[in-house]
Amino acid sequence: MGDAGKVKKFGSNSVEIEEFGPQLKLLKANDQIRELQTIIRNKSTSRGDFVFYADRLIRLVVEEGLNQLPYRNAVVTTPTGCKYEGVQFEHGNCGVSIMRSGEAMEQGLRDCCRSIRIGKILIRSDDDTNEAKVFYAKFPPDIHKRRVLLMYPILSSGNTVIQAVRVLAEHGVKDNMIVLLTIFCTPNGVKSVINKYSGIKILTSEVHPVTPNHFGQKYFGTD
């Protein structure tokens with residue numbers, strides 16, 4: 001039997017991942033993550049299971065995304081009166097979801113950062129030109145002062161993300177202040193984004209030529 005139709009793991013060879021440089025951050029592969037990826041890709045997975053396991057994988061990506069943000073040293077007093085030297089987030093972070101699929105990642109971010117501000121961007125492809133166009137954008141008024149966790153679960157061509165970053169730039173956000181949180185992405189999508197915006201970081205669980213593009217429809221029950 002040939003390889004046609006089979007889904008292989010892209011990036012098991014470190015050279016393939018390293019070609020993207022330090023802008024690409026990949027979750028450390030383990031059997032738990034591979035199982036979650038397998039369940040999400042399986043066409044036989046029920047919607048209830050799909051949402052449950054997608055939320056688990058989103059949470060892992062979000063938590064690793066928080067490690068990409070700056071921290072500062074902090075000293076606190078424990079209940080026994082001792083001083084403890086730890087760290088805490090630098091102020092000035094926010095999330096931005098690319099609607100609609102990016103909204104699936106909002107709860108995972110709020111579960112980790114209770115009071116974080118979240119903006120939204122709606123981007124759709126023009127029926128005639130297939131060009132991605134921005135239809136709606138709402139951000140915190142001081143977003144130009146913030147670091148942005150941009151949420152979009154499937155990075156395929158990269159066109160939608162490029163348009164979203166362009167809009168953020170128009171609001172004063174520099175690309176080196178943006179971390180793209182995504183679950184699955186293609187090599188071409190990664191290349192398109194980092195070639196356009198050299199300062200952005202991309203955090204994902206998997207780089208593979210074929211992404212589960214049914215994600216949004218399955219998650220929200222519109223398939």
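## Strands, cores and pockets

E4 and E7 run parallel and are joined by five bridges. This is a predicted model, where local features need pLDDT of at least 70 and side-chain atom pairs count only at pLDDT 80 or more, while totals for chains, interfaces and linings use all residues. Residues are numbered from 1 along each chain as its sequence is written, and side-chain values use heavy atoms, with hydrogens and water left out.

A quick word on terms. Helices (H or I, at least four residues) and strands (E, at least two) are DSSP runs, numbered from the N terminus. Two strands pair if DSSP finds at least two bridges between them.

**Around E7 and E9**

Within the E4 pairing, Gly95 has Leu149 of E7 as its bridge partner. E7 is also joined to E9, again in parallel, by four bridges. Along that second pairing, Val148 is matched with Ile178 of E9, and Met151 stands opposite Leu181 of E9. E9 then carries on to strand E11 (residues 201-204), pairing in the parallel sense over three bridges; here Leu181 sits opposite Leu203.

Why is E7 largely enclosed by the rest of the structure? Because four of its five residues are buried, where buried means under 20% relative accessible area, exposed over 50%, and partly exposed in between (1.4 Å probe, protein chains only). E9 is covered on both faces: Ile178 and Leu180 are buried on one side, and Val179 and Leu181 are buried on the other. In a regular strand the side chains alternate between the two faces of the sheet.

Just ahead of that strand, Met177 is found in the loop between H5 and E9. With 26% relative accessibility, Met177 counts as partly exposed. Its C-alpha atom is 6.1 Å from that of Val148, although the two residues are 29 apart along the chain. Leaving out residues up to four places away in sequence, Met177 touches Arg146, Arg147 and Val148, a contact being heavy atoms within 4.5 Å.

**The nonpolar cores**

A nonpolar core here is a set of buried Ala, Val, Leu, Ile, Met, Phe, Trp, Tyr and Cys residues joined through side-chain atoms within 4.5 Å. The largest one has 32 residues, and Leu150, Val161 and Leu168 have the most contacts inside it. At least two residues of this core come from each of E4, E5, strand E7 (147-151), H5, strand E9 (178-181) and helix H6 (187-196). H5 gives the most, with six residues. What is Val161 in contact with, leaving aside its neighbours within four places in sequence? The list is Ile98, Leu150, Tyr152, Leu155, Leu180 and Val193. Apart from this core lies another, of 29 residues, including Leu69, Ala104, Met105 and Phe184.

**A three-stranded sheet**

There is also an open sheet of three strands, in the order E8-E10-E12, with parallel pairing. Strand E8 (154-155) and strand E12 (206-207) are its edge strands, each pairing on one side only. E8 pairs with strand E10 (residues 184-185) over two bridges, and Ile154 stands opposite Phe184 of E10.

Thr186 has its place in the loop between E10 and H6. At 7% relative accessibility, Thr186 counts as buried. Not counting residues up to four places away in sequence, Thr186 touches Leu155, Ser156, Val207, His208, Pro209 and Thr211.

**The pockets**

On a 1 Å grid over the protein atoms alone, a pocket is an open set of points with protein on both sides within 12 Å along at least five of seven lines, and a cavity is a set of points where a 1.4 Å probe fits but cannot get out; lining residues have an atom within 4 Å of a point. Grid points are joined across faces, edges and corners, and a volume is the space filled by probe spheres set on the points.

| Pocket | Volume | Lining |
|---|---|---|
| Largest pocket | About 550 Å³ | 25 residues |
| Second largest pocket | About 270 Å³ | 14 residues |

In the largest pocket, Ser101, Tyr152, Ile154, Thr160 and Asn213 lie nearest the centre. Strand E4 (93-99), strand E5 (117-125), E8, helix H5 (159-170) and helix H7 (215-220) each supply at least two lining residues, and the largest share, four residues, comes from H7. By class, this lining has eleven nonpolar, twelve polar and two charged residues. Ala, Val, Leu, Ile, Met, Phe, Trp, Tyr, Cys and Pro count as nonpolar, Asp, Glu, Lys and Arg as charged, and the others, Gly among them, as polar.

For the second largest pocket, Phe89, Glu90, His91, Asn93 and Ser115 lie nearest the centre. The lining of this second largest pocket divides into five nonpolar, five polar and four charged residues.
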